[in-house]
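Welcome to my notebook. I went through this structure one lookup at a time and jotted down what turned up.

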Amino acid sequence: MYNLSLLIFVPLLTAIAVLFCKSGSLVKGVSLFGSMAQMTLAIYFLFAYTGERAAGNKAQMLFESRSSWYPVLGIEYHVGIDGISLAMILLTALVVVAGVLVSWNINKLTKEFFFLLHLLSVGAYGFFISLDLFTMFFFLELAVIPKFLLIGIWGSGRKEYSAMKLALMLMAGSALVLIGLLCLYFNTNVNGAHTFDLLQISQLHIPIEAQRFIFPLMFVGFGIFTALFPFHTWAPDGHSSAPTAASMFLAGISMKLGGYGCLRVATYLMPQAAQEYSGIIIVLSTIAIIYGAFATLMQKDLKYINAYSSVSHCGFVLFGIGMLTKTAITGAVMQMVSHGLMTALFFGTIGMIYERAHTRQVAELGGLLKTIPFIITVFVLAGLCSLGLPGLSGFAAEMTVFMGAWQRQEAAYHVATILACASIVVTAVYILRAVGSSVMGPIKNHAFLSFSDAAWNERLASVILLAGILVIGIAPFWLNSLISPDTQIIMDNITKAVAGK
């Protein structure tokens, strides 16, 4: 009745359909229809999922289906969702729709651009619903090459360098993940055979010696995707050179693949190693939070400001995971959703400004609130969400992470929490300075007076993302209720491992 494979087939069919379109306008129309269909599916699964839970369905994963893919190696096409993966699916659907809308003026190789954009969404949806680790890795890889092409062909600035750097760094992360998956596979035994099945592996006891070797491979491999310090350097260059929709997808969704993998695969399947490496994770994520904030202070380009701030904000995701408390892990998932929406909106509005002003330099902008009030209002709201203004999603997510982090009793973890909290002050400085200098004050260039405000597609994209930010910020309990039972399952696995059961 509930076929999760539709989340893969709909964007895949949309990608194929655009290749047969005869005109650019038809390509955009088909792309928008396909992305709206994806969003409808995501909302449908949200209501179906909550309905099943309300009816008393206690299964760990809902809407499961499986079929043999490569039986000799025990590889299956096995899919299913819980609250965590459903939250990621909803995020993906919203960002994809917004990405298609803000790309309405793409006229260079239009067909190829939207084909690659939908291919990225295939990889993201497939990754989030996969319960077979090999299948999950397959979809992770599927999302790498389109990024390289989108930046290399439609990007700006040092686009070839940025595309190559991004591809090589993410391929390195993928290589570490693959080595870890194979090591994990050969340390499983289910009825005399090895398995890639995530749910089966979660019930096994992986030897602690194996966990100590596999966990860092997995966590660092996935961590590279989410800008884990010191492997974050691909993110600022990649984001700044990518076209607007690709920047939205990179920061809004692709970086969440890494956070999801760190939680769902590394931490959940190897809980004893997660406990042992917790201190290292906290140190690295705290450095990322503080370094990202101060590095953002030095930036003069709006895209680089958002890119470096993403390094800092994604640090909160790994920070929450590393704390290994239920509240902190719940906050980490909320932060993934919040940051995905916020940074996609930020990159979207920066793209709208650049399309009109042909510059992203803060010093060259000014007074834009008078000429393009809608775009600038949304831009300011995205910035306020980034600095954690109450009532917006950033505040709810980061506060949940901090509260969960403080539950750790060790003094060193309290120190790390205080340092992470202090970064909010730095965030407020660079956000308010960038917003104030670029949109307030007198108009610095008389050409700005001729600017037209947001078109229908830009308004719709902004409203969709802003609605998500407000819904989470004003009423975060629904997202917390969605993901909290599944973070409890992860915590139960950690507790059992620590107790030696």
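**Entry 1: glutamate 76 and its partners**

I began with glutamate 76, whose relative accessibility is 22%, so I noted it as partly exposed. Buried would have needed a value under 20%. A reminder to myself before going on: this is a predicted model.

Next I asked which residue glutamate 76 forms a salt bridge with. It is arginine 66, and the closest N and O atoms are 2.6 Å apart. This pair links distant parts of the chain, with glutamate 76 in strand β2 and arginine 66 in strand β1, ten residues apart. I looked up the cover on arginine 66 too: its relative accessible area is 43%, so it is partly exposed.

Arginine 66 had another partner waiting for me. Its side chain also meets that of aspartate 197 in a salt bridge, at 3.3 Å from N to O. Here the sequence separation is 131 residues, with aspartate 197 in the loop between α7 (159–185) and α8 (198–202) and arginine 66 in strand β1. Is aspartate 197 buried or exposed? With 2% relative accessibility, aspartate 197 counts as buried. I drew Arg66, Glu76 and Asp197 together on my page, since salt bridges link them in a network.

**Entry 2: the two strands behind that network**

I then looked at how β1 and β2 are arranged. Strand β1 (residues 62–70) and β2 run antiparallel and are joined by six bridges. Which residue stands opposite glutamate 76? I found serine 68 there.

The two strands form a hairpin, with four residues between them. In the turn, glycine 74 has a positive phi of about 70 degrees. I also checked how covered strand β2 (residues 75–81) is, and six of its seven residues are buried.

**Entry 3: a salt bridge further along**

How many salt bridges does the structure hold? My search gave nine. One that I wrote down joins the side chains of aspartate 301 and arginine 360, at 3.1 Å from N to O. Aspartate 301 lies in the loop between α13 (278–297) and α14 (302–323), while arginine 360 lies in the loop between α15 and α16, 59 residues apart. Aspartate 301 has a relative accessible area of 11%, so I marked it as buried. Arginine 360 is buried as well, because its relative accessibility is 12%.

Arginine 360 earned a second note. Its charged end sits over the ring of tyrosine 354, 5.2 Å from the ring centre. I found a similar note to make for arginine 408, which lies over the face of tyrosine 413 at 4.1 Å from the ring centre.

**Entry 4: aromatic rings**

I searched the whole structure for aromatic pairs and got 21. One of them is phenylalanine 113 with tryptophan 154, an edge-to-face pair at 5.3 Å centre to centre, with 75 degrees between the planes. Phenylalanine 113 is in helix α4 (residues 110–129) and tryptophan 154 is in helix α6 (residues 145–154), so to speak a link between distant parts of the chain, 41 residues apart. Both phenylalanine 113 and tryptophan 154 are buried.

Why is the pair of phenylalanine 346 and phenylalanine 379 edge-to-face? Their planes stand at 65 degrees, with the ring centres 5.1 Å apart, so the pair gets that label; planes over 60 degrees apart count as edge-to-face. Phenylalanine 346 belongs to helix α15 (residues 326–357) and phenylalanine 379 to helix α16 (residues 373–386), 33 residues apart. I checked their cover, and both phenylalanine 346 and phenylalanine 379 are buried.

I also listed a cluster linked by ring pairs: Trp69, Phe134, Phe138, Phe139, Tyr185, Phe186 and Phe196.

**Entry 5: a surface patch and one last lookup**

Which residues make the nonpolar surface patch of about 520 Å²? They are Phe9, Leu13, Ile16, Leu19 and Phe20. I picked isoleucine 16 for a closer look and found it in helix α1 (residues 6–19). Its relative accessibility is 38%, so isoleucine 16 counts as partly exposed.

Last, I turned to leucine 341, which is found in helix α15. Leucine 341 counts as buried because its relative accessibility is 2%. From leucine 341 to isoleucine 179 I noted 32 Å in space, C-alpha to C-alpha, and 162 residues in sequence.

Notes. Residues are numbered from 1 along each chain as its sequence is written. This is a predicted model: local features need pLDDT of at least 70, side-chain atom pairs count only at pLDDT 80 or more; totals for chains, interfaces and linings use all residues. Side-chain values use heavy atoms; hydrogens and water are left out. Rings of Phe, Tyr and Trp (its six-membered ring) pair if their centres lie within 6.5 Å; planes under 30 degrees apart count as stacked, over 60 as edge-to-face and the rest as tilted. Buried means under 20% relative accessible area, exposed over 50%, partly exposed in between (1.4 Å probe, protein chains only). A charge sits over a ring if NZ of Lys or CZ of Arg is within 6 Å of the ring centre and within 35 degrees of the ring normal. Patches are made of residues with over 30% relative accessible area and no salt bridge: like charges are joined within 9 Å, nonpolar side chains (Val, Leu, Ile, Met, Phe, Trp, Tyr) within 5 Å. Accessible areas come from the Shrake-Rupley method with a 1.4 Å probe; for residues, only the protein chains shown count as cover. A salt bridge is a side-chain nitrogen of Lys or Arg within 4 Å of a carboxyl oxygen of Asp or Glu. Two strands pair if DSSP finds at least two bridges between them.
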